[in-house]
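Welcome! Please take a moment to look over the sequence and the model, and then we can walk through some of the details together.

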Amino acid sequence: MDILSCLLVFGPMAAALLSYLIGRKSKLWRDRFVWLTVSAEFLLSLGLLFCPGGDTTVPGICGLGLHFTADGFRSIYTAIAAFMWLITGLLSPEYFAHYRNRNRYYLFQLITLGATTGVFLSADLYTTFVFFEIMSLCSYVWVAQDESEAALRAGSTYLAVAVIGGMVLLMGLFLLYHQAGTLVISELPTACAGKDLLPAAVCMFVGFAAKAGAFPIHIWLPKSHPVAPAPASALLSGILTKTGIFGILVISCHILVHSGLW
């Protein structure tokens with residue numbers, strides 16, 4: 001098993017819990033620990049970029065297990081995500097100097113980092129879905145961070161779009177697996193050849209497009225960005241929406257690659 005992929009995905013999630021505990025004792029050391037975590041994530045992502053690992057399986061999780069792979073495309077997007085978290089991690093302490101609930105923000109920031117990395121490194125669409133949902137639910141906290149009326153209202157919209165989009169995506173995955181017999185991304189072009197997978201692809205497209213902010217299900221974007229803290233808003237627009245684009249690329253380049261209509 002390639003340990004590097006697991007460290008990139010699960011390392012920030014474990015660090016999130018530690019950062020919360022440290023923050024209850026010392027805000028300064030929590031900020032330093034968070035910065036060290038995102039720095040380590042970025043350095044590990046560079047290692048993955050220059051020395052791509054093989055396939056990784058974590059058995060027994062959620063029944064089917066989790067599967068990761070690190071080809072060039074996935075490694076590049078993982079490095080981009082880690083870099084953005086590194087920069088926002090550097091700027092966050094000063095920005096949040098007069099904020100409350102900073103411990104909560106950093107907790108969910110690091111969990112979301114691990115989940116976003118899990119989406120980009122996923123080798124099958126089941127793994128993509130698991131981390132896609134973790135990412136969507138945890139990033140809700142960013143939008144509602146201020147706990148003002150506008151922030152909570154925007155957070156409700158964000159969460160509604162994320163949950164509905166996730167359920168439609170799951171429906172698409174059921175349809176895809178029923179017809180193609182696999183959710184492994186590298187096997188999909190062959191498995192999907194000659195089959196009518198447009199209904200499954202449309203359902204999946206809706207789920208991924210909801211996160212990408214594609215029209216007409218972009219309604220969470222204009223509500224969320226004005227109320228979210230600036231570091232969170234930068235991550236929402238800069239990288240979280242790209243997880244939706246990642247899914248749309250999988251649909252276009254692996255599932256419906258044979259479809260002229262698509």
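What follows is a short tour of a helix, its packing partner, some salt bridges and a few local features.

Before we start, keep in mind that this is a predicted model.

**Helix α1 and its bend**

Let's begin with helix α1, which runs over residues 3–23 and so has 21 residues. From its first C-alpha to its last, α1 reaches 28 Å, close to the 30 Å expected at 1.5 Å a residue. Where does α1 have a kink? The kink, of about 35 degrees, lies at F10, shortly before the proline P12.

P12 is also one of the buried residues of α1. Others in that group include L4, S5, C6, L8 and V9, together with M13, A15, A16, S19 and G23. What covers them? The cover includes the helices α2 (27–50), α3 (72–95), α4 (102–121) and α5 (125–143), along with the strands β1 (56–58) and β2 (66–68).

**How α1 packs against α2**

Two packed helices are described by the angle between their axes and the distance between those axes. For α1 and α2, the angle is about 175 degrees and the axes are 9 Å apart. An angle over 145 degrees counts as roughly antiparallel, so α1 is roughly antiparallel to α2.

You can find the meeting residues in the model. On the α1 side they include L4, L8, P12, A15 and S19, which are also among the buried residues of α1. On the α2 side they include W29, R30, F33, V34 and L44.

**Salt bridges**

How many salt bridges does a search of the whole structure find? It finds four, and the table shows some of them.

| Pair | Closest N to O distance |
|---|---|
| R30 and D31 | 3.0 Å |
| R74 and D71 | 2.6 Å |
| R104 and E147 | 2.7 Å |

Are the partners in these pairs buried or exposed? Both R30 and D31 are buried. In the second pair, R74 is buried, with a relative accessible area of 8%, whereas D71 counts as partly exposed at 33% relative accessibility. In the third pair, R104 is partly exposed, with a relative accessible area of 23%, and E147 counts as partly exposed at 33%.

The salt bridge of R104 with E147 has a closest N to O distance of 2.7 Å. Because R104 lies in helix α4 and E147 in the loop between α5 and α6 (149–180), this pair ties together parts that are 43 residues apart in sequence.

**A closer look at R74**

R74 has its place in helix α3. Leaving aside neighbours within four places in sequence, R74 is in contact with T69, F120, L121, S122, A123, I185 and F246. Another residue to find is V119: R74 and V119 are 45 residues apart in sequence, yet 9.2 Å apart in space, C-alpha to C-alpha.

**Two backbone features**

Most residues other than glycine have a negative phi, and most peptide bonds are trans. With that in mind, look again at E147, in the loop between α5 and α6. E147 has a positive phi of about 60 degrees although it is not a glycine.

Which peptide bond is cis, with omega near 5 degrees? It is the bond from F215 to P216. P216 lies in the loop between α8 (198–212) and α9 (220–227).

Note on methods
Residues are numbered from 1 along each chain as its sequence is written. This is a predicted model: local features need pLDDT of at least 70, side-chain atom pairs count only at pLDDT 80 or more; totals for chains, interfaces and linings use all residues. Side-chain values use heavy atoms; hydrogens and water are left out. Helices (H or I, at least four residues) and strands (E, at least two) are DSSP runs, numbered from the N terminus. The expected span of a helix is 1.5 Å times one less than its number of residues. The bend at a residue is the angle between axes fitted to the seven residues ending there and the seven starting there. Buried means under 20% relative accessible area, exposed over 50%, partly exposed in between (1.4 Å probe, protein chains only). Contact means heavy atoms within 4.5 Å. A salt bridge is a side-chain nitrogen of Lys or Arg within 4 Å of a carboxyl oxygen of Asp or Glu. Axes are lines fitted to C-alpha atoms, for helices over the stretch in contact, and angles run from 0 to 180 degrees between N-to-C directions. Angles under 35 degrees count as roughly parallel, over 145 as roughly antiparallel, 65 to 115 as roughly perpendicular and the rest as oblique.
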